[in-house]
Amino acid sequence: RERNPGKKRRERGSVSSWWSDSSLPPSGVSCSGCGAELQCRDGVAPGFVPVEKYRSLSESPAGVAGLRGAVCQRCWLLAHHGKALGLRLPPEEHRMVVSAALRRPPRHGRGPLLLYILDVLELPDPVLPQLPGLLGPDVLATGLLVVGNKVDLLPSDSPGHLRRLRERVVAACAQAGLRRAPLVDVRLVSAKTGFGLEGLVSRLQRSWKCTGDVYLLGATNSGKSTLFNTLLCSDYCKSRAPDIVDRATVSPWPGTTLNLLKFPIINPTCDRIFRRQERLKEEATKPEDQLSSEEKKYLNHLKKQGYLVGEVGRTFQRQKSSTVVDFDPDMLSYGMDEDPKHSPKKHEEREEFTYNEVKDARWCFDTPGIIKENCVLNLLTEKEVKMVLPTHAIVPRTFILKPGMVLFLAALGRVDYLEGEKPAWFSVVASNLLPVHISTLSNADTLYNKHAGQELLKVPMGGEERMKEFPPLVPQDITLKGIGTTEAVADIKLSSAGWVAVTAHAQEELLLRAYTPQGTTLVVREPPLLPYISTVRGARIAGTAAYRTKKPPSLVENLKTSGRR
């Protein structure tokens, strides 16, 4: 017998009416994590805060201003529990928020700089061709700087692989027909490990200076909010900003940012640029073995996460005043038969920018990510998304297949080798958490029907019930002609689940059939992103189609030693 069934029902439910109060108006204050307006009226709308918490903050001595710095329930669950509420703005609303921001009248007599964040794993970027339509004829952007993010996840398949990656990004921009704003530059970075970010800051300060606002644009999960947070703690923002501006909520769940977030850009005067360059020179001559134990620990942590690592430092840091301890002697005195007395917590006033600090400020804005249509991530649950999106350096897995063999990438993709004269090499570049299984054509359907939704194929997860609602795999025939045993001819990109690089003997014709879930996009990428990826492997495992995996060393920039291990 349940002692309090009502309480249990409330805990089981999502956001129920007893948490909300439709009589209270919206606050006019934005969530510091996602940018949505904080409110307690509607539990399934953006910016929701449970009414008890909302009242405790808004009825403080600061009034509604007490909500500043607070986060909505959705951001709190994402940050503290890695749990996502089923809340997504429709694609048209995302576009409306971004378009409205870009159509603001030019400030300071100059249009904004657009910083487009592109996930290099997603090339060709599905959202980039939509950018001209998003801008429209009335958006007077002064320039476009494209940032290829997540390069730390990709192994080096040959010398000069970063130059080749940059060429692929430049080609994608040309193919998208970006004419509304002149292309200023293309940079390769890792917002997560810091690689390339000092160079990006220098480029922005050198070419853009502080002449206008900057908008971060890009698809969901491209890393915009991570880049926003990293720039907030760099030389690109005003020195007091990290103490005042809250970090954006970062999550693998698509569409975390729901409205605009911003920080003020520092004015790169000649003196500041000189001091910054002096700091960078000093750090470049510092050997890795002279790092502190904490710095080494953090560096090793980043090396485990990515192949390319960089340090993002700060030249202009605010001098923090020493803390003054305020105590009441009467509160510290108590008798032997009394408990110690605890003074009530005083309301800590939140720091704010002064009028003079921001009256002529230029701002860097983080915008909501544009949802990718026909993407497999849109079909997945929160747990499945975490399995599919790579967060650590990808270790390529190579297999040698004969005609009549099949490769499964979880239950999200399948490649059949139908016809060919000789064996070919199939290299999987995907999250290390996604399993790869090799089968024969005669057994492939049985394997899928038996193990889709189960532990063997892992994603999707949830058994027969989950697979009843999951779309079936649909085929697409592909014909390729090999160019050599060390160079891939093409990548078969299985939506956002990863890709399979195909390497075959010169002039060898292959007939393949690739599958992805119905409603998702399969892309044959020619030329491949990492053409020599099949060479990043160990010895063949006897009696199997697999080769032993091989993880290349990490590279650290901004240090005297190269950081190779």
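In this predicted model, Y215 is a buried residue, with a relative accessible area of 4%. F365 counts as buried too, at 5% relative accessibility. A search of the whole structure finds 5 aromatic pairs, and Y215 and F365 form one that is stacked, with 4.7 Å from centre to centre and 10 degrees between the planes. Because Y215 belongs to strand β4 (residues 214–218) and F365 to strand β7 (residues 363–366), this pair ties together parts that are 150 residues apart in sequence.

The backbone tells a matching story here. Strands β4 and β7 pair in the parallel sense, over 3 bridges, and Y215 stands opposite F365 in β7. Both strands belong to an open sheet of 6 strands with mixed pairing, and a reader tracing this sheet will meet its strands in the order β3-β2-β1-β4-β7-β5. The edges are taken by β3 (183–188) and β5; each has a single partner strand, so one side of each is left without a neighbour in the sheet. On average, neighbouring strands of this sheet are turned by 20 degrees against each other, direction ignored.

Edge strand β5 leads on to another aromatic pair. F263 lies in β5 (residues 261–264) and is buried, with a relative accessible area of 0%. Its partner is Y236, and the two rings meet edge-to-face, at 6.4 Å centre to centre and 90 degrees between the planes. Y236 sits in the loop between α8 (224–232) and α9 (241–244), so its pairing with F263 ties together parts that are 27 residues apart in sequence. Y236 is likewise buried, with a relative accessible area of 1%. The arrangement extends to a further ring, as ring pairs link F228, Y236 and F263 into a cluster.

A second open sheet can be followed further along the chain. It has 5 strands in the order β8-β11-β15-β14-β17, with antiparallel pairing. The edge strands are β8 (397–401) and β17 (522–525), each of which pairs on one side only. Within this sheet, neighbouring strands are turned by 20 degrees against each other on average, again with direction ignored. For a closer look at one edge, strand β14 (residues 488–494) and β17 pair in the antiparallel sense over 4 bridges. I492 has V524 in β17 as its bridge partner.

Aromatic rings also take part in contacts with arginine side chains. R525, whose position falls in edge strand β17 (522–525), lies over the face of W499, at 4.3 Å from the ring centre. Another such arrangement involves R537, which lies over the face of Y547, at 4.2 Å from the ring centre.

Finally, the interior was examined for enclosed empty space. Rolling a probe the size of a water molecule over the atoms shows where empty space is left. The search of the whole structure finds 4 cavities of 30 Å³ or more. The largest of them has a volume of about 170 Å³. It is lined by 21 residues, and the closest to its centre are L121, E122, L389, P390 and S496. These five names offer a handy starting point for finding the cavity in the structure.

Methods: Residues numbered from 1 in each chain as written. Predicted model: local features only at pLDDT ≥ 70, side-chain atom pairs only at ≥ 80, totals over all residues. Heavy atoms only, no water. Phe/Tyr/Trp six-rings, centres within 6.5 Å; stacked < 30°, edge-to-face > 60°. Helix = DSSP H or I, 4+ residues; strand = E, 2+ residues; numbered from the N terminus. Buried < 20%, exposed > 50% of the residue type's maximum accessible area, 1.4 Å probe, protein only. Lys NZ or Arg CZ within 6 Å of the ring centre and 35° of its normal. Pairing = 2+ DSSP bridges. Axes fitted to C-alpha atoms, helices over the stretch in contact; angles between N-to-C directions. 1 Å grid on protein atoms, 1.4 Å probe; cavity = no way out; pocket = protein on both sides within 12 Å on 5 of 7 lines; lining within 4 Å. Points joined across faces, edges and corners; volume = space filled by probe spheres on them.
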